[in-house]
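Okay, thanks for making room for me today. Let me put the structure up, and then I'll walk you through the parts I looked at.

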Amino acid sequence: MIPTEKIYSADDSKYDQKSVSARLEALFLNNVGLVVPREQIIAAARNPITGKEPENWHQRLSELRTDKGYTILSARDWKALKPEEYVLANVERRETAAKRVRPTPATWKQVMARAENACEWREDGQLCGLKEGAIDPIGGGTVKLTPDHTTPHSVDPNSDPTDPTHWQALCGRHQVMKKNFWDGATGKVNVIAILQAASVEQKRQALSFLEQFFGRDR
Ligand SMILES: [Zn+2]
């Protein structure tokens, strides 16, 4: 999955797709396996007419991973990369990134009322409880609650948007955790994704744990 060699893209094409996401997607698809640094991303993300640099390109980039299912490597996945260097590993997209169903506005209102405007994520029986608009003490930034599907999308995508019991309100941090680190279909934690997202120090701790577990000379 990780390229054998670190080669920088020399792409200076103009991207004139309508949205920031579409321009970034085109940029990465034109540079599969190559390192695309921050400056190139910003250049491609710019509004082709006004030249304005979008503030939210980081968000759009992470949506290419979470919503479109692309494997975009960063320094967290491949040690050779510097911060803000990215590589689209291949053109394949993960199946989990099927199109998103959303609750209707009325259903979402009901969900938020049940949730009392607070994140409904539970871990070891402990409710997250971060309130909409509060400051996230761990992740920083203002909490924005968004709908999360509590059952796999395949169950019944047609009736779901109107059934509040199929949805929960989650803060941004727990949305990311659930999308990347937890497989809704199997209910299992995605250990590899967690390790990829972990800091170098956390990776070292995990490695030393594994070395002890298996014995160094395995
Ligand atoms: Zn939360």
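Before anything else, when I say two residues are in contact, I mean heavy atoms within 4.5 Å. And helices (H or I, at least four residues) and strands (E, at least two) are DSSP runs, numbered from the N terminus. Keep in mind that this is a predicted model, so local features need pLDDT of at least 70 and side-chain atom pairs count only at pLDDT 80 or more, while totals for chains, interfaces and linings use all residues. Residues are numbered from 1 along each chain as its sequence is written, and side-chain values use heavy atoms, with hydrogens and water left out.

Right, the overview. The chain has seven helices and nine strands. Of its 218 residues, 34% count as buried, where buried is under 20% relative accessible area, exposed is over 50%, and partly exposed is in between (1.4 Å probe, protein chains only). If you take the contacts in the chain with a separation of 6 or more, 57% of them come from residues 24 or more positions apart.

Let's begin with the sheet. Three strands make an open sheet, ordered S1-S3-S2, and the pairing is antiparallel; strands pair here if DSSP finds at least two bridges between them. At the edges you have S1 (35-37) and S2 (70-73), each with a single partner strand, so one side of each has no neighbour in the sheet. From one strand to the next, the twist averages 35 degrees. For that angle and the ones coming up, axes are lines fitted to C-alpha atoms, for helices over the stretch in contact, and angles run from 0 to 180 degrees between N-to-C directions. S1 pairs with S3 (residues 85-93) over three bridges, in the antiparallel sense, and there you can find Val35 opposite Val87 of S3.

Now, which helices lie across these strands? H1 (residues 20-29) lies across S1, S2 and S3, at about 85 degrees to S3. H2 (residues 38-45) lies across S1 and S3, at about 70 degrees to S1.

H1 is mostly covered, with seven of its 10 residues buried. Those are Val20, Arg23, Leu24, Glu25, Ala26, Leu27 and Phe28. And what do they pack against? S1, H2, H3 (57-66), S2 and S3.

You can see the H1 side of that from two residues in H2. Ala45 sits in H2, and it's buried because its relative accessible area is 0%. Leaving out neighbours within four places in sequence, Ala45 is in contact with Val20, Arg23, Leu24, Pro54 and Trp57. Its C-alpha is 7.8 Å from that of Ser21, and the two are 24 residues apart in sequence.

The other one is Gln40, also in H2. So, buried or exposed? At a relative accessible area of 15%, Gln40 is buried. Again not counting residues up to four places away, Gln40 touches Ser9, Ala10, Asp11 and Leu27. A polar atom of the Gln40 side chain lies 2.9 Å from the backbone oxygen of Ser9. Gln40 and Leu24 are 16 residues apart along the chain, with 9.7 Å between their C-alpha atoms.

Over to H4 (residues 105-115), where Thr107 lies. Thr107 counts as buried, at 2% relative accessibility. Its side chain makes a polar contact with the side chain of Thr104, at 2.6 Å. By polar contact I mean a pair of N or O atoms within 3.5 Å; within protein, one must be able to donate a hydrogen and the other to accept it, and residues adjacent in sequence count only if both atoms are side-chain atoms. Beyond four places in sequence, Thr107 touches Pro161, Thr162, Asp163, Pro164 and Trp167.

Last stop, the zinc. Which protein atoms are its donors? They're Cys119 (SG), Cys128 (SG), Cys171 (SG) and His174 (ND1), at 2.0 to 2.4 Å from the ion. Donors are N, O and S atoms within 2.8 Å of the metal (3.2 Å for Na, K and Ca), and water is not among the atoms, so sites may look incomplete. The angles between the four donor atoms are 101 to 124 degrees, so the arrangement is tetrahedral; for four donors, that takes all angles between 85 and 135 degrees. For reference, the ideal for four tetrahedral donors is 109.5 degrees.

Along the chain, the donor spacing reads C-x8-C-x42-C-x2-H. Cys128 and Cys171 link distant parts of the chain, 43 residues apart: Cys128 is in the loop between S5 (126-127) and S6 (146-149), and Cys171 is in the loop between S7 (167-170) and H5 (172-181). Cys128 is partly exposed at 24% relative accessibility, whereas Cys171 is buried at 1%.

Definitions and conventions:
Tetrahedral: all angles 85-135°; square planar, octahedral: opposite > 155°, others 65-115°.
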